[in-house]
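This report goes through one protein chain, beginning with a single helix and then widening to the fold. Please look at the structure below before reading on.

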Amino acid sequence: MATGNHGADHGADHGAVATVDPEDLPEGAVVTGSGRVSAAEVFTEPDTTGKPPFSTEQLSRLDEALTLASRDTGLFFAIYLGDLGGDPEAAAAEYQASLDPSDTAVLVAVSPGQRLVEVVTGPEAKLRLPDRGAKLAVMSMVASFKESDLFGGLLSGLRMLADQAGHRR
């Protein structure tokens, strides 16, 4: 799951930065100078049966887009790319609920093999990102996906969702 966490507290004081005790971070995680938590994950061999969905540069650009969308709107944007199982709506809702803070989280869940896109918002995010705005972003993403442009679809979808949500209040 790619996320654009910028480390800001999403509570009433939008200018405050959450303080994180380094003792509370999981192994391999640090707080950067900007206040963002950066975490390393255990390396697993990539699936060599097919082409990786994104290049290193594309992953970097997706991370930047997530970070900017989160910073500009005050909402927490994340992407899940993978199979959503037999009940995709429930799986996407479960992934969204696992995000912290889930109340202000916006999850874009894409399952290319199932040809599904779900946008799930927390209760506070939903107030700023109505279903109509999410549906327009999904339609834009699907149009790109049909042209085999997963990366471009995700980027344009994130931009549209952030634009619909508006700037941080």
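Helix α2 spans residues 88-97, and in this predicted model its buried residues are Pro88, Ala91, Ala92 and Gln96. Viewed down the axis of α2, these buried residues fall within an arc of 135°, so they line one face of the helix. The cover over the buried residues of α2 includes two strands, β5 (105-111) and β6 (116-121).

The next topic is how other helices pack. Two packed helices are described by the angle between their axes and the distance between the axes. The table gives these values for two pairs.

| Helix pair | Angle between axes | Distance between axes |
|---|---|---|
| α4 (residues 131-146) and α5 (residues 150-165) | about 165° | 8 Å |
| α1 and α5 | about 5° | 9 Å |

Helices α4 and α5 pack at an angle of about 165°. An angle over 145 degrees counts as roughly antiparallel, so α4 is roughly antiparallel to α5. The crossing of α4 past α5 is right-handed. On the α4 side, the residues that meet α5 include Gly133, Ala134, Leu136 and Ala137, as well as Ser140, Met141, Ser144 and Phe145. Among their partners in α5 are Leu150, Gly152, Gly153, Leu154, Ser156 and Gly157, and also Met160, Leu161 and Gln164.

For α1 and α5 the angle is about 5°. An angle under 35 degrees counts as roughly parallel, so α1 is roughly parallel to α5. Helix α1 makes this contact through Gln58, Arg61, Leu62, Ala65, Leu66, Ala69 and Thr73, while α5 contributes Phe151, Leu154, Leu155, Leu158, Ala162 and Ala165. Leu154 of α5 is thus listed in the contact with α4 and in the contact with α1.

After α1 (56-73), the loop that leads to β4 (76-81) holds Leu75. Is Leu75 buried or exposed? With a relative accessible area of 2%, Leu75 is buried, because residues under 20% count as buried. The C-alpha atom of Leu75 lies 9.1 Å from that of Arg128, although 53 residues separate the two along the chain.

Last comes the chain as a whole. The protein chain has 5 helices and 6 strands, in the order β-β-β-α-β-α-β-β-α-α-α along the sequence. Of its 169 residues, 38% are buried. Among contacts with a separation of 6 or more, 61% join residues 24 or more positions apart. The chain exposes about 10,200 Å², and carbon and sulfur atoms supply 52% of that area.

Key
Residues are numbered from 1 along each chain as its sequence is written. This is a predicted model: local features need pLDDT of at least 70, side-chain atom pairs count only at pLDDT 80 or more; totals for chains, interfaces and linings use all residues. Side-chain values use heavy atoms; hydrogens and water are left out. Helices (H or I, at least four residues) and strands (E, at least two) are DSSP runs, numbered from the N terminus. Buried means under 20% relative accessible area, exposed over 50%, partly exposed in between (1.4 Å probe, protein chains only). Contact means heavy atoms within 4.5 Å. Accessible areas come from the Shrake-Rupley method with a 1.4 Å probe; for residues, only the protein chains shown count as cover. The arc is that of the directions from the helix axis to the C-beta atoms. Axes are lines fitted to C-alpha atoms, for helices over the stretch in contact, and angles run from 0 to 180 degrees between N-to-C directions. Angles under 35 degrees count as roughly parallel, over 145 as roughly antiparallel, 65 to 115 as roughly perpendicular and the rest as oblique. A crossing is left-handed if the near helix is turned anticlockwise from the far one by less than a right angle, and right-handed if clockwise.
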